[in-house]
Amino acid sequence: MLDNHDATPLPRWLDDLANSGLAPLAGLAGALREDRHAVAQGITTPYNSGVNEGRITDVKLQKRLMAGRAGIPLLRHRVVLIAHLRRHYADRPTVPPR
């Protein structure tokens with residue numbers, strides 16, 4: 001579904017999850033079914049929020065690391081530095097070309 005950006009098999013896949021006999025998978029199917037329109041939109045659209053989620057993860061990490069030990073100016077500086085480093089190293093390939 002994700003590779004083809006096709007949400008047509010989604011209802012059947014959710015039924016399979018719900019009927020799997022495993023409570024966590026059935027719960028996941030129920031949660032996805034409640035918001036199936038958003039899930040289908042997420043599958044079919046080429047856009048994603050990966051960059052934003054990465055930035056939020058960086059901010060939360062810094063908050064946990066520096067809790068009670070740093071003021072806002074230092075936290076801001078560290079978050080900006082991490083964003084700069086991510087941007088700098090994002091241009092480099094992670095896997096060497098063949």
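Here is a chat about helix α4 and a surface patch in a predicted model.

Biologist: What should I know before I start looking?

Modeller: The model is predicted, so local features need pLDDT of at least 70 and side-chain atom pairs count only at pLDDT 80 or more, while totals for chains, interfaces and linings use all residues. Residues are numbered from 1 along each chain as its sequence is written, and side-chain values use heavy atoms, with hydrogens and water left out.

Biologist: Okay, where is D58 found?

Modeller: D58 sits in helix α4, residues 50-65. Helices here are DSSP runs of H or I with at least four residues, numbered from the N terminus.

Biologist: Is D58 buried or exposed?

Modeller: D58 is buried, at 9% relative accessible area. Buried means under 20%, exposed over 50% and partly exposed in between, with a 1.4 Å probe and protein chains only.

Biologist: What is D58 in contact with, leaving aside neighbours within four places in sequence?

Modeller: I82 and R86. Contact means heavy atoms within 4.5 Å.

Biologist: Which other residues of α4 are buried?

Modeller: G54 and Q62 join D58 as the buried residues of α4. They lie on the same side of α4, because they cover an arc of only 70° around the axis. That arc is taken from the directions from the helix axis to the C-beta atoms.

Biologist: And what's on the other side of α4?

Modeller: K63 and R64 are exposed there.

Biologist: Switching topic, how exposed is L25?

Modeller: L25, in helix α2 (residues 23-34), is partly exposed, with a relative accessible area of 31%.

Terms used. Helix = DSSP H or I, 4+ residues; strand = E, 2+ residues; numbered from the N terminus.
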